[in-house]
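Me: Please take a close look at one part of this structure, the helices and the contacts and salt bridges they make. I would like one connected account.

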Amino acid sequence: MSEIKYKRILLKVSGEALAGDAHRGLDFDVIHSVCDVVARCTKLGVQVGIVIGAGNFWRGVKDGADKMQRSHADAMGMLGTVMNSIAVADALEKHGVDARVLSAVEMNKFAEYFTRDTADRYLNEGKVVLFAAGTGNPYFSTDTGAVLRGVEIEADAILMAKNVDGIYSADPNVDPTAVKFDCLTYDEVLSRHLKATDSTAMTLAMDNHMTLVCFALKDPENILRVVQGEKIGTIVKEEL
């Protein structure tokens with residue numbers, strides 16, 4: 001059995017990443033490649049919780065801006081995360097992984113209602129738990145929802161699988177001089193206004209001493225590499 005660094009993880013996956021090159025909707029080749037790696041992590045004994053964004057369907061703060069009341073737009077975003085969670089849970093089952101969708105909003109036709117104890121029991125049973133509907137409240141991003149769930153389930157680390165390979169001093173797609181960081185403290189991220197997560201998520205991680213690892217999902221094998229302790233992307237923690 002390969003050595004693992006993180007026994008229990010919360011994996012945050014952006015909705016856009018699941019859309020692949022189409023940038024909207026679901027690319028099942030991408031989804032199955034991610035699920036294959038998650039399945040291999042579970043076989044190593046890693047307990048996996050997952051939070052998925054909804055940018056492949058709807059981003060409340062962006063798509064609803066000046067067109068809808070913010071709470072209504074965010075509600076649509078929460079529903080998008082439920083759709084993504086159902087799709088990924090279905091794919092995980094096809095890879096032989098028992099998966100459960102727990103929603104922050106009651107919708108018992110589609111998902112179980114989230115409680116911390118239910119999630120903990122499922123994780124200890126070896127099931128992958130997908131946390132849907134964010135925090136159940138508007139004005140909170142899925143990054144904040146991911147940190148909240150990670151803290152609640154007492155994860156060893158939160159893995160932020162994004163479209164960039166780490167945290168940079170500036171947007172690397174815009175500024176060619178942008179520098180990638182290997183390791184940062186929460187204070188450095190917040191004081192430099194670095195775009196790792198929103199400030200609420202980062203502050204919540206700091207207050208609860210939760211390690212974050214930010215890396216690119218373009219190669220899903222990075223998930224396994226991080227779990228096994230390989231230095232991938234950028235680590236954010238209390239002290240360097």
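Reply: What follows starts with one helix and its salt bridges, then moves to the helix pairs and ends with a few single residues. The model is a predicted one.

Start with helix α5, which covers residues 116–124. Its buried residues are Thr118, Ala119, Asp120, Tyr122 and Leu123. These buried residues pack against five strands: β1 (8–13), β2 (47–52), β3 (99–103), β4 (112–113) and β5 (128–132). After α5 comes Gly126, which has a positive phi near 90°.

Asp120 also takes part in a salt bridge, with Arg116 as its partner and 3.7 Å between the closest N and O atoms. Both residues belong to α5 and sit 4 residues apart, about one turn of the helix. An α-helix has 3.6 residues a turn, so residues three or four places apart point the same way. The two partners fall into separate accessibility classes. Asp120 has a relative accessible area of 18% and is buried, because the cut-off for that class is under 20%. Arg116, at 27% relative accessibility, is partly exposed. The pair is part of a network of salt bridges that links Arg8, Arg116, Asp117, Asp120 and Glu154. In total, 18 salt bridges are counted.

Helix α6 (residues 142–152) holds a salt bridge of its own. Here the side chains of Arg149 and Glu152 meet, with an N to O distance of 2.6 Å. Arg149 and Glu152 are 3 residues apart in α6, which means that about one helical turn separates them. Arg149 is buried, at 5% relative accessibility, while Glu152 is partly exposed, with a relative accessible area of 25%.

A further salt bridge joins the side chains of Asp182 and Lys180, at 3.7 Å from N to O. Asp182 is exposed at 59% relative accessibility, and Lys180 is partly exposed at 30%.

Helix α6 also packs with helix α8 (residues 199–207): their axes come within 8 Å and cross at roughly 15°. The crossing angle therefore makes α6 roughly parallel to α8, since angles under 35 degrees count as such. The crossing of α6 past α8 is left-handed. On the α6 side, the residues in contact are Asp143, Thr144, Val147 and Leu148; on the α8 side, they are Thr200, Ala201, Leu204 and Ala205. Sorted by class, this contact has 5 nonpolar, 2 polar and 1 charged residues.

Another helix pair is formed by α2 (residues 28–43) and α4 (residues 70–94), which pack at an angle of about 60° with axes 9 Å apart. The two helices are therefore oblique to each other. In this case the crossing, of α2 past α4, is right-handed. From α2, Phe28, Ile31, His32, Cys35 and Val38 take part, and they meet Ala87, Val88, Ala91, Leu92 and Lys94 of α4. The classes in the contact of α2 with α4 are 8 nonpolar, 1 polar and 1 charged residues.

Phe57 lies outside the helices, in the loop between β2 and α3 (60–63). At 27% relative accessibility, Phe57 is partly exposed. Leaving out residues up to four places away in sequence, Phe57 touches Arg24, Gly25, Leu26, Asp63, Gly80, Met83 and Asn84. Leu148, one of the α6 residues that meet α8, is 91 residues from Phe57 along the chain, and the C-alpha atoms of the two are separated by 23 Å.

The last residue in this account is Ser191, which has its place in helix α7 (residues 186–191). Ser191 is exposed, with a relative accessible area of 55%. Between Ser191 and Val97 there are 41 Å in space, C-alpha to C-alpha, and the two are 94 residues apart in sequence.

Definitions and conventions:
Residues numbered from 1 in each chain as written. Predicted model: local features only at pLDDT ≥ 70, side-chain atom pairs only at ≥ 80, totals over all residues. Heavy atoms only, no water. Axes fitted to C-alpha atoms, helices over the stretch in contact; angles between N-to-C directions. Parallel < 35°, antiparallel > 145°, perpendicular 65-115°, else oblique. Left-handed = near helix turned anticlockwise from the far one by under 90°. Contact = heavy atoms within 4.5 Å. Nonpolar A, V, L, I, M, F, W, Y, C, P; charged D, E, K, R; others polar. Salt bridge = Lys/Arg side-chain N within 4 Å of Asp/Glu carboxyl O. Buried < 20%, exposed > 50% of the residue type's maximum accessible area, 1.4 Å probe, protein only.
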